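Good morning, colleagues. I would ask you to bring up the sequence and the structure before I begin.

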Amino acid sequence: MRLIRFLAISIFVVVNYNSAVADNKLVCYYDSSSYSRPGQGKFELSFLDNALQFCSHLIYGYAGIDEKTYKLKALDDSLDLNNHNYKKVTELRRRFPGLKILLSVGGGRDGTYNDDRKVEKYLKVLESADDRFKFVNSVESFLKIYGFDGLDLGWEFPETKPKVIRGKVSGWFHKLKDKVIGEDEIDEKANEHKEEFTALVRDLRNKFKHEGLHLTLSILPNVNSTVYYDPNIAQYLDFIIIKAFDFYTPKRNPKEADFPAPLFPIFDRKYQENADFQVRYWTEHGAARNKIILGVPTFARTWKMTEDSGITGVPPLKVSGPGIGGPYTQNPGLLSYPEICKKLSNNTIKHELRKVGDPTGRHGVYLYRTVDDHNPEGIWIAYDDVDSVGSKASYAREKGLGGIAIDDLSLDDFRGLCSGNKYPLLRAARLKL
Ligand SMILES: *[C@@H]1O[C@H](CO)[C@@H](O)[C@H](O)[C@H]1NC(C)=O
Ligand SMILES: *[C@@H]1O[C@H](CO)[C@@H](O)[C@H](O)[C@H]1NC(C)=O
């Protein structure tokens, strides 16, 4: 009798757990360029093993579009093809049978954003039905050859122009200027591009239907959904990931620092620049809630504080460009999660750093060091820690969203350098989902 009761409870628990996993997706981005980072930043494929038990989907970043033929292409032939990285990744399915492995095209990595926002080919390919057809056909065979389960569209639409941070600072003046010279106009054919993109997504879906391939959309930071996406495309997509971060970056806003990835609106800021607004835009325009996945960053944005930044650290604050890059990522204005912990545990500097948490789970955390006689150089570091990632996962669950996406695994603490626990941010998301 006892045994039967035990079995019944076990079965109940197992079934329950599985249904929870099936309902809430935990999408994991994998940026393959992380392979070439130095030292402890180098991400070997074997590091995926400790992550994939938590992930429902793995998104391989990134593939590109050939600007002459409009066919899908690998971005790093030597790694992806000659070194068989595509194959090695899709073969992980044998050990993780439930895992879906998708290839992402674009993602802001197709050499375009570095090139002064030259995203022309992502617009050009849309403009003729012929070229769209070329792209769609190339995708299907490409995915099959390398064994991917589907395609993620990280479409590189033009970004909005950065603006001053406080909503009200000379607001009337900006409005006037916009009216007169159309400052907000970034793409005069935006309406056509929106319709053509819908057509592309529909064509891909029709093609994929017969093959059982998955089709997803990643909305890149600072791409205005109103301008480029018809919410009706949700019906053709398995899910839509909103990369609700990088509202402010040292590149876009070198003179002002602010929370780059708030969950909720913050007083006196623009109402659109938070995850909740982005999510509601889609769900209030007809996209099914369970198709919306909230994208969460595993990296910090950093700025240099100066004497003009004040001493409180409270954003928004005046700054002077990107903070110094980390030892592994070597990218000014960016630190990976383990690079942040290393600073917090460094005996030389940890006493000078102040961490300000986010008990309300609304805006993310920050860490700063002001300028004074000892420190000629200050820094302001804003990010999501274990608690604020947990808040975002709870939000996704409570709002009935499809789940959370971690962007990306190679910037989480995959070696367990912070506390010995590998992938603390990924785990925090799983725990609260
Ligand atoms: C997006 O575009 C719409 C329509 O053009 C505009 O009203 C809105 O302010 C834009 N949002 C952002 C964040 O720029
Ligand atoms: C601690 O920080 C100092 C100053 O930035 C740096 O020179 C040193 O290498 C760091 N130590 C470790 C163990 O990372």
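I shall speak about the disulfides, then a helix and its packing, and finally the two ligands.

Please bear in mind throughout that this is a predicted model.

Let me begin with the disulfides, of which the structure holds two. With the bonded cysteines counted along the chain, the pairing follows the pattern 1-2, 3-4.

One of these bonds joins cysteine 28 to cysteine 55, with an S to S distance of 2.1 Å. The link of cysteine 28 and cysteine 55 is left-handed, with -90° about the S-S bond. Cysteine 28 belongs to strand β1, residues 25-31, while cysteine 55 sits in the loop between α2 (49-52) and β2, so the pair ties together parts that are 27 residues apart in sequence. Are these two cysteines buried or exposed? Cysteine 28 is buried, at a relative accessible area of 0%, and cysteine 55 is buried as well, at 9%.

The other bond is formed by cysteine 341 and cysteine 418, whose sulfur atoms are 2.0 Å apart. Here the torsion about the S-S bond is about 65°, so this disulfide is right-handed. Cysteine 341 lies in helix α11, residues 337-345, and cysteine 418 in the loop between β16 (403-407) and α13 (424-432); the pair therefore ties together parts that are 77 residues apart in sequence. Cysteine 341 counts as buried because its relative accessibility is 15%, under the 20% cut-off. Cysteine 418, by contrast, is partly exposed, with a relative accessible area of 29%.

I turn next to helix α5, which spans residues 120-127. Its buried residues are Lys121, Tyr122, Leu123, Val125 and Leu126. What do the buried residues of α5 pack against? Their partners are the strands β2 (57-65), β3 (72-74) and β4 (100-106), together with the helices α6 (129-146) and α8 (190-209).

Finally, the ligands. Around ligand 1 we find Thr160, Asn224, Thr226, Val227 and Gln272. By class, that shell has one nonpolar, four polar and no charged residues. A polar side-chain atom of asparagine 224 is 2.4 Å from an oxygen atom of ligand 1, and a side-chain N or O atom of glutamine 272 lies 3.2 Å from an oxygen atom of the ligand. Taken alone, ligand 1 exposes 360 Å², and the protein buries 50% of that.

Ligand 2 is surrounded by Asn346, Thr348 and Ile349. Asparagine 346 places a polar side-chain atom 2.4 Å from an oxygen atom of ligand 2. On its own, ligand 2 has 370 Å² of accessible area, of which the protein covers 30%.

Definitions and conventions: Residues are numbered from 1 along each chain as its sequence is written. Chains are lettered from A and ligands numbered from 1 in the order in which they are written. This is a predicted model: local features need pLDDT of at least 70, side-chain atom pairs count only at pLDDT 80 or more; totals for chains, interfaces and linings use all residues. Side-chain values use heavy atoms; hydrogens and water are left out. A residue is near a molecule or strand if one of its heavy atoms lies within 4 Å of it. A polar contact is a pair of N or O atoms within 3.5 Å; within protein, one must be able to donate a hydrogen and the other to accept it, and residues adjacent in sequence count only if both atoms are side-chain atoms. Accessible areas come from the Shrake-Rupley method with a 1.4 Å probe; for residues, only the protein chains shown count as cover. Ala, Val, Leu, Ile, Met, Phe, Trp, Tyr, Cys and Pro count as nonpolar, Asp, Glu, Lys and Arg as charged, and the others, Gly among them, as polar. Buried means under 20% relative accessible area, exposed over 50%, partly exposed in between (1.4 Å probe, protein chains only). Helices (H or I, at least four residues) and strands (E, at least two) are DSSP runs, numbered from the N terminus. Contact means heavy atoms within 4.5 Å. A disulfide is a pair of cysteine sulfur atoms within 2.5 Å.
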